[in-house]
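I opened this model today to see how it is put together. My notes follow, in the order I looked things up.

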Amino acid sequence: MSNMKRCVLSVLFVSLSTAAFGAGIDTKAIKSDMQFFTDASCSRLKTSVKVKDIGRFKSKLLKKASGEMLKDKYDRTYRAASYQAYPSPRELGRVLKLGSGFSRYENITGMYLEAGQNAVFVGDTSGKRLSLLIPEWMRKPPKGYNPWKDRGGWGLHRQQFELKTGLNVIDVKKAGNAYVSYFDDDADKAPKVTVHFLTGKVNGFFDIAKHTNKDWDRLLDNAVSPVLDARGKHIQVAYPVEWFNVYTRSKGVKLINNYDTMLNHHYTLMGLVKYKKLPRNRILARVNFHYYMFRDRDGMAYLGNKGTMRMVADPSVVVVGDPCWGFCHEVGHAMQLRQITWGGMTEVSNNILTLYTCIKMGNASRLKKSRKYAAARKNIINANPKKSYLAVGDVFQRLVPFWQLHLYFSRNGKADFYADVMEKMRLTPDAGRGNDSIKNQFEFVKICCDVGETDLTDFFDKWGFFWVGDLKLKDYRNYEFKITRKMVDDAKSYIAKKKYKKPTTDITLIED
């Protein structure tokens, strides 16, 4: 079996319609009793229904639920709740020019569905598509297999069930936390939809907008699932209760706030705060049992052992040193703007964000600490013959000129330099992709001069942005750039016509 086929098998997809009813749930009785409720979600009784009418119910499940409803004791926080649509990945890509990486499990239900048949009611969907996701958070490699070589891949396996208005009977193969998948290209106008879990156990989830540390500990103590969900304004985490109990007792608020703070710094440098384009979508951080740390289409994944869980579940650890850098780096991949990620920049443009946030969190500059400034000047500016910054193998040396731009302008009255640059790039069509992606480098050069209102020709020339020739490099794929004299002359001519002033200092000598 090829690696591609194995990767495809890493996601288990099951889709059942409301017609696929089984014998485990008395669907005939349930359908008969739906007459007593105000709508298809069966989450509220008609006002005409009284205690004396309970005897008329044919379904034991609905009879029990209606009795609790009449006593005003039915759980409406998790068991019967309404869910909003979130912007689709396509919409995020259109507005923010970002790729995958945001959570596909936004609508946490707080419900834990056990294996077997479960009854789920759905209110009016207005024709919108919804599904129920049950990811296998705690999936481990088969015994005897090297975790790296698991034939099922490293990614999440999940069950997915289509949800239709009315009664849905779903056959859960493996117990797990449930999530409502509801994404739309016009999320703000999409209606809320009520989903009612007639069966299943309440696990709950932590919400920074509503809960305290006391709530956090209560959720841990009452958890029926091995994994607790928690969400902040920008972050969503799904880590084992076991490790939360070790590292995060009475510290849930601090942990989620720390994650949110780091992400907010990313968004600040990206200009999403300044230009009021903060996504409602969250970044997901989850447990895995295959590899120390990685990022895929389902977000960030951290190894479920003592050492790694301490790095991500202890709020005093997650914001310092390698834990801080690791999180910010992987998240940076999800947030790196396509137009500033031409070939050779995959491990550079994300680290502009990483370096900014790590320093904001009180960490020392990695460029300064590892003496990358001197190395970059030696290997790029002073190289003989002249070379492009892209030709040096060390991605941290490639990062130097991009960080120096931030240092110079933030020290000279333009703290929003990158925020403005990235917003302008979002509003500018891609100049090219693949082997033509190098054209975006020249767009970047021009935009930097415009935003900074500064003639940066000498700076970019020293760092080899105006190097001419054929350049082959590997950056998760092979690139063959043909950088022509015309590309360079056109960029220099554009800058010269603006008649901007030169920098007040040699920016290539600036350091943290």
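The entries below go from the whole chain to its sheets, then to its pockets and cavities.

**Entry 1: the whole chain.** I'm working from a predicted model, so I keep that in mind throughout. I looked up the size: the C-alpha atoms fill a box of roughly 90 × 50 × 45 Å along the principal axes. The chain has 512 residues, and 56% of them count as buried. For secondary structure I get 17 helices and 19 strands. Taking contacts with a separation of 6 or more, I find that 75% join residues 24 or more positions apart.

**Entry 2: strand β4.** I picked β4 (residues 116–122) and checked burial: 5 of its 7 residues are buried. Which strands does β4 pair with? One is β7 (residues 166–172), antiparallel over 7 bridges, with Val122 standing opposite Gly166. Another is β10 (residues 193–197), also antiparallel, over 3 bridges; there Val120 has Phe197 as its bridge partner.

**Entry 3: the open sheet.** Next I traced a sheet of 6 strands, which is open, has mixed pairing and runs in the order β12-β13-β14-β15-β17-β16. Why do β12 and β16 each have a side without a neighbour? They stand at the edges with a single partner strand each, so one side of each is left free in the sheet. Neighbouring strands here are turned by 20° against each other on average, ignoring direction.

At one edge, I looked at how β16 meets β17 (residues 299–303): they pair in the antiparallel sense over 4 bridges. Asp296 is the residue opposite Gly299 in β17.

**Entry 4: helices around the sheet.** I found α9 (residues 321–335) packed on the sheet, touching β14, β15, β16 and β17. The direction of α9 makes about 15° with that of β16. I then followed α7, which lies across β12, β13, β14 and β15 and runs at about 140° to β14.

For α5 (residues 213–222), I listed the buried residues: Asp215, Trp216, Asp217, Leu219 and Leu220. They pack against β12, β13, α6 and α7. To read that list I reminded myself that an α-helix has 3.6 residues a turn, so residues three or four places apart point the same way.

**Entry 5: the largest pocket.** I get a volume of about 780 Å³ for this one. It has 33 lining residues, and Arg295, His333, Gln336, Thr341 and Thr346 are the closest to its centre. Which element gives the most to the lining? That is α9, with 6 residues; β16 also supplies at least two. By class I noted 10 nonpolar, 13 polar and 10 charged residues.

**Entry 6: the second largest pocket.** This pocket comes to about 650 Å³. I counted 32 lining residues, with Pro89, Ser131, Gln160, Ser181 and Phe183 nearest the centre. The elements giving two or more residues are α4, β5, β6 and β9, and β6 gives the most, with 4. The lining divides into 9 nonpolar, 13 polar and 10 charged residues.

**Entry 7: cavities.** How many cavities of 30 Å³ or more are there? I get 2. The largest holds about 70 Å³ of space. Its lining includes Trp137, Trp154, His157, Arg286 and Phe289, and by class it has 5 nonpolar, 4 polar and 3 charged residues.

Note on methods. Residues numbered from 1 in each chain as written. Predicted model: local features only at pLDDT ≥ 70, side-chain atom pairs only at ≥ 80, totals over all residues. Heavy atoms only, no water. Buried < 20%, exposed > 50% of the residue type's maximum accessible area, 1.4 Å probe, protein only. Contact = heavy atoms within 4.5 Å. Pairing = 2+ DSSP bridges. Axes fitted to C-alpha atoms, helices over the stretch in contact; angles between N-to-C directions. 1 Å grid on protein atoms, 1.4 Å probe; cavity = no way out; pocket = protein on both sides within 12 Å on 5 of 7 lines; lining within 4 Å. Points joined across faces, edges and corners; volume = space filled by probe spheres on them. Nonpolar A, V, L, I, M, F, W, Y, C, P; charged D, E, K, R; others polar.
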